[in-house]
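Got your viewer open? Get ready to select some residues and look around.

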Amino acid sequence: MKTILYILLFLMCINCQSCKENSTGYVVHLRRLNSYDGEFGFDWMRKDYKKTCLSYEELKKVYQPTTLTNQEYLIPWISMFPNQMGVKLRIEVETNEDINTDSIEFKSVDGIKFIPNKFPLSEAQNKEVSIECNKPLTVNTTVEIINQDKIVVGKVCFYANHNLNTLKIKFLRLKGNERDNTYNEKVFNQMTLEWMNKLKEKFKSKYFNQALINIVFDETEDFIVDVEKYREKKLLFVFTDKEGKQSIPRYNKGFDDEIYKEYVEKNKPYDGILFLMSSMQQQGMELGHAKVYPRNSNYIMMNPSAVGGGYISFVHELGHALGLHHPWNNTNMYKERLKRIEAREMQLRTYLDKNKLYKDNIKVGNFGKTLGELRNELNKELLQLRQEKADKIRLNSEIYFKRSTTENIMDYNGYNDEITQEIIYNTFSEGTTFWKWQWDLMNEEVKAYHSELNIYN
């Protein structure tokens, strides 16, 4: 009886899917071409991330770990606009065997077309394939790569592209109103039409298209800054040399906040992202700065040295404005503030609970208010604290890397080590890509605070 049972189990085993997968001896990956320049989104688990990612297991979750041919397989992500042309990837076969008799095929999925979609395995290594997305994808869509026995040997996941967020951007030239100054002209002569058009083209076709964010540009405007007014506020200061010649005005922290407030007073709140192109210089050497929090912050300050220069600093700062930290920031970033929020929440809840049985019209001590008025204020503060807590937890990524080790746009191309004083250079001289989890966060930010939704039919 036992012998018969063992035979049955053996026959079941050799016909099961996992044993078939064990017999293939290879898996198939999709990878970028060397000529890739950000014209579409493609994100995968790079091999060097085991060394550079300080939260590797958390990062793996982005790529939907699965098992193919009895080994771990991490699924790459691709993002394309509907009807986008010119998308090409290459095949990479991972195998320890010399297998030439099999063939592989991209399993048919409505709306997605691979050209060619089927070819011998012997021709697969480094083979280029073109991809077309012929209709909007309402959900994230996985395409399987199968062999001639219909065994899955690879996968790729397409990012849903049915509902696309539109982000408006306006460039605002900040010009000082002093007489006989030359710094306005000196700075904004660099802001040529050719340079502006190139910057806009890169925003639309190289960087934020990876997250499928549709960027539109409002007309560039001038904003005249009353230098003396801001000097009195101690937000601007000017050096004067022995000959009485004045330097370019320098601004202090908070200058951009006040400029935006004045802009709103004269116009209205801007529902996109404002780039404040300053002819006045920050005290430090930064090219620009943007606020990650609060999440509805919608203005970015760019310094004179950035105007007319490289484009990546503008892309990097817009990434910050859309919720992205530097990739080396870890999970302790908001730790102390979150502790203070929780302590204050407990204090407010305790007070409200202790006084919940008293009537609203009771006067409250030295506050000069009724208990009802105070309750409203405290409940409003509680809601604000809860929102801040939720936002900061969301913005505080659990995925982080060693500094200056990736090609990500939010990384740096180098830094000065605080201990050794050695300059550490990133082997990737300039950021090219955003990661899939960053696509998610930027879209969430745009949709909640800056977006007009486009729906493809």
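What follows is a short tour of this predicted model, one selection at a time.

**Stop 1: a set of paired strands**

Select residues 26-32, which make up strand β1, and then 87-95, which make up strand β6. These two run antiparallel and are joined by seven bridges. To find your bearings, click on Val28: across from this residue, in β6, stands Val93. Now add residues 128-133, strand β10, which also runs antiparallel to β6, with four bridges between them. Here Leu89 has Val129 of β10 as its bridge partner.

**Stop 2: a salt bridge at the end of β1**

Stay with β1 and pick Arg32, then show the side chain of Glu407 too. The two side chains meet in a salt bridge, 2.7 Å from N to O. Arg32 belongs to strand β1 while Glu407 sits in the loop between α11 and β24, so this pair ties together parts that are 375 residues apart in sequence. Are the partners buried or exposed? Glu407 is buried, with 11% relative accessible area, and Arg32 counts as buried at 15%. This is one of 35 salt bridges in the structure.

**Stop 3: a hairpin**

Next, colour residues 141-147, strand β11. Five of its seven residues are buried, which leaves the strand mostly covered. On one side, β11 is joined to strand β7 (residues 103-106) by three bridges, and the two run antiparallel; look for Phe106 opposite Ile145. β11 also pairs with β12 in the antiparallel sense, this time over six bridges, and Ile146 stands opposite Val152 there. Four residues lie between the strands of this hairpin, and Lys150 takes a positive phi near 70°.

**Stop 4: a buried lysine**

Move along to Lys155, in strand β12. What is the nearest side chain of opposite charge? That would be Glu144, 4.3 Å away; Lys155 is buried yet has no salt bridge. Show what surrounds Lys155 and you'll find contacts including Thr66, Tyr73, Ile75 and Pro76, as well as Glu144.

**Stop 5: two more lysines**

Try Lys60 and Glu72, whose closest N and O atoms are 2.8 Å apart in a salt bridge. Lys60 is in helix α4 and Glu72 in strand β4, 12 residues apart. Lys60 is buried at 10% relative accessible area, whereas Glu72 is partly exposed at 48%. Then click Lys61, which forms a salt bridge with Glu58 at 3.3 Å. Lys61 counts as exposed, with 56% relative accessibility.

**Stop 6: a loop with a far-off neighbour**

Select Gln190, in the loop between α5 and α6. Gln190 is partly exposed, with a relative accessible area of 45%. Now draw a distance from its C-alpha to that of Gly309: the two are 8.0 Å apart in space but 119 residues apart in sequence. Setting aside neighbours within four places in sequence, Gln190 is in contact with Trp195, Val307 and Gly308.

**Stop 7: helices**

Highlight helix α9, residues 312-321. Nine of its 10 residues are buried, among them Phe314, His316 and Leu318. After α9 comes Gly323, which has a positive phi near 100°.

Last, show α11 (371-395) and α12 (436-449), which pack at about 150° with their axes 11 Å apart. At that angle, over the 145 degree cut-off, α11 and α12 are therefore roughly antiparallel. Zoom in where Asp391, Arg394 and Leu395 of α11 meet Leu441, Glu444, Glu445 and Tyr449 of α12.

Terms used:
Residues are numbered from 1 along each chain as its sequence is written. This is a predicted model: local features need pLDDT of at least 70, side-chain atom pairs count only at pLDDT 80 or more; totals for chains, interfaces and linings use all residues. Side-chain values use heavy atoms; hydrogens and water are left out. Buried means under 20% relative accessible area, exposed over 50%, partly exposed in between (1.4 Å probe, protein chains only). Lys and Arg count as positive and Asp and Glu as negative; His and the chain ends are not counted. A salt bridge is a side-chain nitrogen of Lys or Arg within 4 Å of a carboxyl oxygen of Asp or Glu. Contact means heavy atoms within 4.5 Å. Two strands pair if DSSP finds at least two bridges between them. Axes are lines fitted to C-alpha atoms, for helices over the stretch in contact, and angles run from 0 to 180 degrees between N-to-C directions. Angles under 35 degrees count as roughly parallel, over 145 as roughly antiparallel, 65 to 115 as roughly perpendicular and the rest as oblique.
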